[in-house]
Amino acid sequence: MLSEVLLVSAPGKVILHGEHAVVHGKVALAVALNLRTFLRLQPHSNGKVDLSLPNIGIKWAWDVARLQLLDTSFLEQGDATTPTPELVEKLKEVAGLPDDCAVTESLAVLAFLYLYLSICGKQRWTKEDLELINKWAFQGERVIHGNPSGVDNAVSTWGGALRYQQGKISSLKRPPALQILLTNTKVPRNTRTLVAGVRNRLLKFPEIVAPLLTSIDAISLECERVLGEMGEAPAPEQYLVLEELIDMNQHHLNALGVGHTSLDQLCQVTRARGLHSKLTGAGGGGCGITLLKPGLEQPEVEATKQALTSCGFDCWETSIGAPGVSIHSATSLDSRVQQALDGL
């Protein structure tokens with residue numbers, strides 16, 4: 001039983017190298033992003049379970065007594081279980097969401113309700129057990145994405161940097177905390193369509209596209225090697241290698257057909273300031289990352305952010321290789337985070 005406020009956070013994630021090539025059995029490198037999602041668990045005496053997700057405009061509540069009376073036999077007992085389509089339909093009935101609820105909001109509520117009913121009903125919550133957290137996070141991903149790779153939940157649980165290839169995930173030892181800009185072009189894209197486009201291009205031009213995928217694999221492996229050598233004292237020449245790898249990977253992704261004019265604009269804006277950028281994730285819009293070298297003056301960083309914002313993009317300065325899921329005391333939180341939580 002929760003008797004006091006519990007504050008938990010988990011990092012975001014970006015793909016450093018290996019987008020799309022990973023679908024074809026190549027290596028991808030994923031890193032934890034120090035832009036964190038915060039969760040506040042707070043006991044109430046009003047007999048309700050309240051869910052507030054301010055970023056997507058969700059405020060919902062359920063009577064605890066009603067939830068306790070539910071027939072939850074459809075939730076299998078034991079370890080973290082895979083949510084089936086039938087289970088998701090039953091969750092929709094339990095959630096009581098209106099028919100006009102947007103898909104994103106609906107899936108977020110269903111993922112929460114699934115985890116709440118499964119975990120709280122079994123009294124199995126153990127903060128120290130990262131393996132269990134990772135398993136349950138993966139099942140939450142399945143509610144939302146259907147057939148996820150397991151990378152997102154693994155990076156958010158363990159933090160740092162991970163190597164992913166053909167379903168096997170391993171941590172990189174002591175990755176450096178690189179400073180980056182994360183830029184959202186705000187151009188929507190369909191990941192499934194982009195992945196299918198690369199597959200079609202591979203079938204149409206196998207002797208051209210297969211070497212591109214092999215080259216992206218080599219870029220990921222070289223980046224992994226360099227990150228492993230950087231450790232606590234990165235050398236300037238190592239940053240030069242990382243910049244070259246970023247440029248080469250971006251050109252390869254454009255050749256695969258997953259670029260976009262907004263991403264080209266992002267790269268042009270940062271290149272004019274001596275910085276190197278690439279898309280991260282599916283491409284076709286979405287987000288890009290820009291490596292910030294040590295010694296870069298803050299006014300230069302701010303000017304770059306302003307230039308990107310002037311293009312209509314959203315831009316954040318952050319770092320990669322962040323810690324995984326963490327528990328916080330209220331006094332340790334950044335004032336902006338505390339203000340946001342207090343406003344819930």
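This short talk covers the nonpolar cores, the largest cavity and the second largest pocket of one model.

A reminder before I start: the model is predicted.

Let's begin with packing. In soluble globular proteins, nonpolar side chains tend to be buried together. Here the largest nonpolar core has 23 residues. Which of them touch the most other members? Leu16, Leu178, Leu227, Leu242 and Ile320. Several elements each supply at least two residues of this core: strands S1 (6-17), S2 (28-41), S7 (179-184) and S9 (287-292), plus helices H7 (206-230) and H8. H7 gives the most to this core, 5 residues. The core also draws on two domains. At least three residues come from domain 1 (6-173 + 327-343), and at least three from domain 2 (178-320). Apart from this core lies another, of 20 residues. Leu51, Leu91, Leu110 and Ala111 are among them.

Now zoom in on Leu178. Leaving out residues up to four places away in sequence, what does Leu178 touch? Leu227, Met230, Tyr239, Leu242, Leu291, Thr318, Ser319 and Ile320.

Next, empty space. Rolling a probe the size of a water molecule over the atoms shows where empty space is left. The count here is 3 cavities of 30 Å³ or more. The largest cavity has a volume of about 100 Å³. Its lining includes Leu16, Leu178, Leu227, Leu242 and Ile320. Those are the names we just met in the core, as the residues that touch the most other members. The rest of the cavity lining is His17, Ile180, Cys223, Ile246, Ile289, Thr290 and Leu291. S1, H7, H8 and S9 each give two or more residues to this lining. S9 gives the most, with 3 residues. By character, the cavity lining divides into 10 nonpolar, 2 polar and no charged residues.

Last, the second largest pocket. How much space lies in it? About 160 Å³. The residues that line this pocket are Asp247, Gln250, His251, Asn254, Asp264, Cys267, Gln268, Thr270, Arg271, Leu275, His276 and Ser277. Three elements each supply at least two of them: helix H8 (236-255), helix H9 (261-271) and strand S8 (276-280). H9 has the largest share, 5 residues. The pocket lining divides into 2 nonpolar, 7 polar and 3 charged residues. Set that beside the cavity lining, with 10 nonpolar, 2 polar and no charged.

One element to take away is H8. H8 supplies residues to the largest core, to the lining of the largest cavity and to the lining of the second largest pocket.

Terms used:
Residues numbered from 1 in each chain as written. Predicted model: local features only at pLDDT ≥ 70, side-chain atom pairs only at ≥ 80, totals over all residues. Heavy atoms only, no water. 1 Å grid on protein atoms, 1.4 Å probe; cavity = no way out; pocket = protein on both sides within 12 Å on 5 of 7 lines; lining within 4 Å. Points joined across faces, edges and corners; volume = space filled by probe spheres on them. Helix = DSSP H or I, 4+ residues; strand = E, 2+ residues; numbered from the N terminus. Nonpolar A, V, L, I, M, F, W, Y, C, P; charged D, E, K, R; others polar. Core = buried A, V, L, I, M, F, W, Y, C linked by side-chain atoms within 4.5 Å. Buried < 20%, exposed > 50% of the residue type's maximum accessible area, 1.4 Å probe, protein only. Domains from an automatic or database assignment. Contact = heavy atoms within 4.5 Å.
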